[in-house]
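Please look through the sequence and the structure shown here, and then follow the explanation below one feature at a time.

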Amino acid sequence: MQDRSIQEKFMRIALEEAKRAFDEGEVPVGALIELDGAIVASAHNIRERDGDPTAHAEIVAIKEAAGILSKGDFSKCNLYVTLEPCLMCAGAALQARIKKVFFGARDPRAGACRSLYRVLEDKRLPWRCEVEGGILAADCKKILDNFFLMLRNRRRDGRAVEGGRLEID
């Protein structure tokens, strides 16, 4: 079991990925795959950039790690993600057979680990992931809140956004 300071260290790195997503105009979610204290892969949402609804941070990180890990063995890996995974991403974590998922902020609208569902711990499934939420939750929630506030203000004020930064037309 990892201590909280190690969990926070990795979540801060995932937050850096979320900041990259924000700067690119993507929903600011960051993720990383960790194995034995080393980062195997890190990623952020690239849905808008790639026009791919499956390009969530978790999926991108898992795909990147699969190309690095021998035989794609994730059974000793941990996934850190700034926002509670959705059903698709929770399913990907299960399919990858990730050992443990750490997330920051809860997602009351789509969270599949604690908020709406507990997919990762469902005993009916052949594989389960341990789950721990709330790692740097306030920081993870803040970047999301800022992003969506920016979008609401843009719509209200008729301003354009480029790379997550507001610009006047």
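In this predicted model, C86 counts as buried because its relative accessible area is 15%, and buried means under 20%. Does a cysteine such as C86 take part in a disulfide, or in no disulfide? A disulfide is a covalent bond between the sulfur atoms of two cysteines. A search of the whole structure finds 0 disulfides, and for C86 the nearest cysteine sulfur, that of C89, lies 3.7 Å away, whereas a disulfide needs two sulfur atoms within 2.5 Å. C140 is likewise in no disulfide, the nearest cysteine sulfur being that of C113 at 13 Å; with a relative accessible area of 0%, C140 is buried.

From the cysteines we can turn to the strands. Five strands, arranged in the order β2-β1-β3-β4-β5, make up an open sheet in which the pairing is mixed. At its edges are β2, which covers residues 38–44, and β5, each of them pairing on one side only, and neighbouring strands are turned against each other by 15° on average, if direction is ignored. Between β4 and β5 the pairing is parallel and runs over 3 bridges, and V101 stands opposite V131 in β5.

The charged side chains come next. Side chains of opposite charge can pair when their charged atoms come close. The whole structure holds 10 salt bridges, and helix α1, which spans residues 4–23, offers an example in E8 and R4, which are 4 residues apart and therefore separated by about one helical turn. Their side chains meet in a salt bridge with a distance of 3.9 Å from N to O, and E8 is partly exposed at 23% relative accessibility, as R4 is at 38%.

Further along in helix α1, K19 and E16 are 3 residues apart, again about one helical turn, and they form a salt bridge whose closest N and O atoms are 3.3 Å apart. E17 and R20 have a spacing of 3 residues in helix α1 too, and in their salt bridge the closest N and O atoms are 3.2 Å apart. In this pair E17 is buried, at 8% relative accessibility, while R20 is partly exposed, at 41%. Salt bridges with shared partners also link R4, E8, K100 and E132 into one network.

Finally, there is a nonpolar patch at the surface, of about 290 Å², made by L87, L116 and Y117. Y117 sits in the loop between β4 and β5, and its relative accessibility of 42% makes it partly exposed.

Note on methods
Residues numbered from 1 in each chain as written. Predicted model: local features only at pLDDT ≥ 70, side-chain atom pairs only at ≥ 80, totals over all residues. Heavy atoms only, no water. Patch = residues over 30% accessible without salt bridge, like charges linked within 9 Å, V, L, I, M, F, W, Y side chains within 5 Å. Areas by Shrake-Rupley, 256 points an atom, 1.4 Å probe, with all protein chains shown as cover. Salt bridge = Lys/Arg side-chain N within 4 Å of Asp/Glu carboxyl O. Helix = DSSP H or I, 4+ residues; strand = E, 2+ residues; numbered from the N terminus. Buried < 20%, exposed > 50% of the residue type's maximum accessible area, 1.4 Å probe, protein only. Pairing = 2+ DSSP bridges. Axes fitted to C-alpha atoms, helices over the stretch in contact; angles between N-to-C directions.
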